[in-house]
Amino acid sequence: MLKYFKTTKLNLIGQEQIDKACVALLARGASSEESTKVREIITPVRSILIHAAKRGWCDVPKFDVPEIKKPDTIYLRPDEATRLVKAAADHLKPLIVVLVCTGARMSEALEATWSDVDLFGGRIALRQKQGDIRRAELPPYAIAVLRALPDRSGPVFRAPGRRYRGKTMPPSYHNNGRKGGGQIKRAWATACRRADLPGHWHEWIDKHGRAKREWRPNVTPHDLRHTWATWHYCLHTDLLRLRDDGGWSDLDMVTRYAKLMPKAYGPQIREWWGYAESDGVRNAS
C-alpha cells in the first residue's frame, strides 16, 4: 500500500482513491469480496487517516463501508465432536479434547505448560489475550486424556516429531506471538474431512504451473470455543456463570459465542465431558 500511494497527500485520499486501490492491490480487483476490501484496504487506510485527522493533517475520512453479513456461529454436536476426535491424528486428539472441554483458545492451549495443569484439582491455567489468567475446569474426560500423555514437563501439547533441513524440530508448536495461526492447519483440515464435517476443495495453479488442491473445512479450531460455550449454556442456562467460566468481560461477548441448543443434548454433553449423571444434575442445578 505504501508503494501504491507513494507521496499522495492524505487530504487527497477519498472514495475514488480507495476504489482504485482495491482494483490495483487486490488479487480479484473490483470483484473481490466486500470483506476483503474492508480488511485489506479500507480499514488500514481509514486508521491512518483518523490518526492524521487527530493531528490536523487532514479531514476525518468518510468512506463507503460495505455492510458485511456476519457468518453464522458454528458449533459441533456431541456426535460431531466425537467423530472429529476419532478422525484426528494421535498428536491432535488431546488438544481437540481439551479445547472442547475447556473453551480454551488454541493459542492459550498451545502455550500451556505442565506447570499450568493441576490434574488432582481438575484445573488448567490459561493465559488470556487480555493478559490475565483463567483457571478453567478440566472435566473428567480431559483429565483422563491428559493423564495418558507421557511427559510431565514443558509444553502440554506437542507437535509430532519431524526434521526440517536436517535438524530435529523442537516438540513445542511454533510460537508466533499470537499474530496468526496455522500451527495445526493441515492436520486440522485432514481431521475435519475424515470426520465428514462440512468444507470444500480449493483448487489453484501454483507459480510453477502445477495443479494444487487442499481441503478447506468450514469449522475452525476457534469454533470449539463456540462449541464449549454452547454446551455450557445448554447444561446450566446461566449466562453469568458462563461469562465467568469463559473469561469474558461482558455478556455481549457471551451471547456472541453461546447459541441455543436443544436441552435434549444435555445427557450427551454430560457423557462427552465424562460426568456421571448425578454430577451432571448437580452441576446443572
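The exercises below work through parts of this structure, each with a solution that goes step by step.

The model is predicted, so local features need pLDDT of at least 70 and side-chain atom pairs count only at pLDDT 80 or more, while totals for chains, interfaces and linings use all residues. Residues are numbered from 1 along each chain as its sequence is written, and side-chain values use heavy atoms, with hydrogens and water left out.

**Exercise 1. Describe the surroundings of alanine 52: state which helix holds it, whether it is buried or exposed, and which residues it contacts.**

Step 1. Alanine 52 lies in helix α3, residues 34-53, where helices (H or I, at least four residues) and strands (E, at least two) are DSSP runs numbered from the N terminus.

Step 2. Its relative accessible area is 1%, and alanine 52 is therefore buried; buried means under 20% relative accessible area, exposed over 50%, and partly exposed in between, with a 1.4 Å probe and protein chains only.

Step 3. Leaving aside neighbours within four places in sequence, alanine 52 is in contact with Leu10, Trp57 and Cys58, contact meaning heavy atoms within 4.5 Å. Leucine 10 and alanine 52 are 42 residues apart in sequence, yet 8.0 Å separates them from C-alpha to C-alpha.

**Exercise 2. Find how many residues the largest nonpolar core has, and which element gives the largest share of it.**

Step 1. A nonpolar core is a set of buried Ala, Val, Leu, Ile, Met, Phe, Trp, Tyr and Cys residues joined through side-chain atoms within 4.5 Å. In soluble globular proteins, nonpolar side chains tend to be buried together.

Step 2. The largest such core has 56 residues, and those with the most contacts inside it are Leu84, Ile96, Leu146, Trp272 and Trp273. Its largest share, seven residues, comes from helix α5, residues 93-102.

Step 3. A second, separate core has 15 residues, including Ile13, Ile18, Val38 and Cys58.

**Exercise 3. Work out the order of the strands in the open sheet, and follow the side chains along strand β3.**

Step 1. Three strands form the open sheet in the order β1-β2-β3, with antiparallel pairing; two strands pair if DSSP finds at least two bridges between them. The edge strands are β1 (117-118) and β3, each of which pairs on one side only.

Step 2. Two bridges join β1 to β2, and aspartate 118 has arginine 123 in β2 as its bridge partner. Strand β2 (residues 123-127) pairs with β3 over five bridges, and the partner of arginine 127 in β3 is isoleucine 133.

Step 3. Between β2 and β3, which form a hairpin, there are five residues, and glycine 131 in the turn has a positive phi of about 105°.

Step 4. In a regular strand the side chains alternate between the two faces of the sheet. Along β3 (residues 133-137), Arg134 and Ala136 point to one face and are buried, whereas Ile133, Arg135 and Glu137 point to the other and are not.

**Exercise 4. Explain why threonine 102 counts as buried, and list the polar contacts of its side chain with the backbone of valine 98 and alanine 104.**

Step 1. Threonine 102 is placed in helix α5, and it counts as buried because its relative accessibility is 1%.

Step 2. A polar contact is a pair of N or O atoms within 3.5 Å; within protein, one must be able to donate a hydrogen and the other to accept it, and residues adjacent in sequence count only if both atoms are side-chain atoms. A polar atom of the threonine 102 side chain lies 2.7 Å from the backbone oxygen of valine 98, and one lies 3.2 Å from the backbone nitrogen of alanine 104.

Step 3. Not counting residues up to four places away in sequence, threonine 102 touches Ile124, Arg134, Ala136, Glu137, Leu138 and Trp228.

**Exercise 5. Classify the ring pair of tryptophan 201 and tryptophan 215, and find which charged end sits over the ring of tryptophan 201.**

Step 1. Rings of Phe, Tyr and Trp (its six-membered ring) pair if their centres lie within 6.5 Å; planes under 30 degrees apart count as stacked, over 60 as edge-to-face and the rest as tilted. The structure holds seven aromatic pairs.

Step 2. The ring centres of tryptophan 201 and tryptophan 215 are 5.4 Å apart with their planes at 75°, so this pair is edge-to-face. Because tryptophan 201 lies in strand β6 (residues 199-205) and tryptophan 215 in strand β7 (residues 211-217), the pair ties together parts 14 residues apart in sequence.

Step 3. Tryptophan 201 is partly exposed at 36% relative accessible area, whereas tryptophan 215 is buried at 16%.

Step 4. The charged end of arginine 213 sits over the ring of tryptophan 201, 3.8 Å from its centre; this requires NZ of Lys or CZ of Arg within 6 Å of the ring centre and within 35 degrees of the ring normal.
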